[in-house]
Amino acid sequence: QVQLVESGGGLVQPGGSLRLSCAVSGIMFRIDDMGWYRQAPGKQRELVAAIARSGSINYADSLKGRFTISRDNVKNTIYLQMSSLKPEDTAVYYCNARIVRITTFQATDCWGQGTQVTVSS
């Protein structure tokens, strides 16, 4: 079993910063691509940023310059540094990872339960 656990969400004032973490736990697996998604009330889930094992990164165009994604392959953890937060950034942020089982080479997409980020005065 592979689990993704997000942390770091909470309430922050406009212009503030938060750092989200997503730790992947389990045995005998390798993580390929990972990413952060978010879903605001009444909206569809959208990609925030994605990072491959190689380090290649894709950001949503509207978030470039404010959000930074990174990963630690040793700790099996990815991070999302968010700055200059706006009320419209309020959403549940989800971590996603493509997991490859090293015993079978089978790949599956796994999701965390999400962490709430609320930007408000």
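Colleague: Which residues are linked in a network of salt bridges?
Modeller: This is a predicted model, in which local features need pLDDT of at least 70 and side-chain atom pairs count only at pLDDT 80 or more, while totals for chains, interfaces and linings use all residues. Residues are numbered from 1 along each chain as its sequence is written, and side-chain values use heavy atoms, with hydrogens and water left out. A salt bridge is a side-chain nitrogen of Lys or Arg within 4 Å of a carboxyl oxygen of Asp or Glu. With that rule, the network links Arg-38, Glu-46, Arg-66 and Asp-89.

Colleague: Which residue forms a salt bridge with Arg-38 at 2.9 Å between the closest N and O atoms?
Modeller: Arg-38 has a salt bridge to Glu-46, at 2.8 Å from N to O. In the one you ask about, the closest N and O atoms are 2.9 Å apart, and the partner of Arg-38 is Asp-89.

Colleague: How many residues apart in sequence are the parts that this pair ties together?
Modeller: Strands are DSSP runs (E, at least two residues), numbered from the N terminus. The pair in question is the salt bridge of Arg-38 and Asp-89. Arg-38 belongs to strand S4 (residues 29-39) and Asp-89 to the loop between strand S8 (77-82) and S9, so the parts tied together are apart in sequence by 51 residues.

Colleague: Is Glu-46 buried, partly exposed or exposed?
Modeller: Buried means under 20% relative accessible area, exposed over 50% and partly exposed in between (1.4 Å probe, protein chains only). Arg-38 has 8% and is buried, and Asp-89 is buried with 1%. Arg-66, at 13%, is buried too. Glu-46 has a relative accessible area of 37%, and is therefore partly exposed.

Colleague: Which two cysteines form a disulfide?
Modeller: Chemically, a disulfide is a covalent bond between the sulfur atoms of two cysteines. Here the rule is a pair of cysteine sulfur atoms within 2.5 Å, and the count comes to one. The sulfur atoms in that pair are 2.1 Å apart, and they belong to Cys-22 and Cys-95.

Colleague: Is that disulfide left-handed or right-handed?
Modeller: Both cysteines, Cys-22 and Cys-95, are buried. The torsion about their S-S bond is about -85°, so the disulfide is left-handed.

Colleague: Which strands hold Cys-22 and Cys-95?
Modeller: The two cysteines form a disulfide. This pair ties together parts 73 residues apart in sequence, because Cys-22 lies in strand S3 (residues 18-25) and Cys-95 in strand S9 (residues 91-101). The strands you want are S3 and S9.

Colleague: Why does Cys-110 have no bond to the closest cysteine sulfur?
Modeller: Cys-110 is buried, at 15% relative accessibility. The closest cysteine sulfur is in Cys-95, and the separation is too far for a bond because it comes to 9.8 Å.

Colleague: What is the distance from Arg-45 to the ring centre of Trp-111?
Modeller: A charge sits over a ring if NZ of Lys or CZ of Arg is within 6 Å of the ring centre and within 35 degrees of the ring normal. The charged end of Arg-19 sits this way over the ring of Tyr-79, 4.0 Å from its centre. Arg-45 lies over the face of Trp-111, and its distance from the ring centre is 4.8 Å.

Methods: Helix = DSSP H or I, 4+ residues; strand = E, 2+ residues; numbered from the N terminus.
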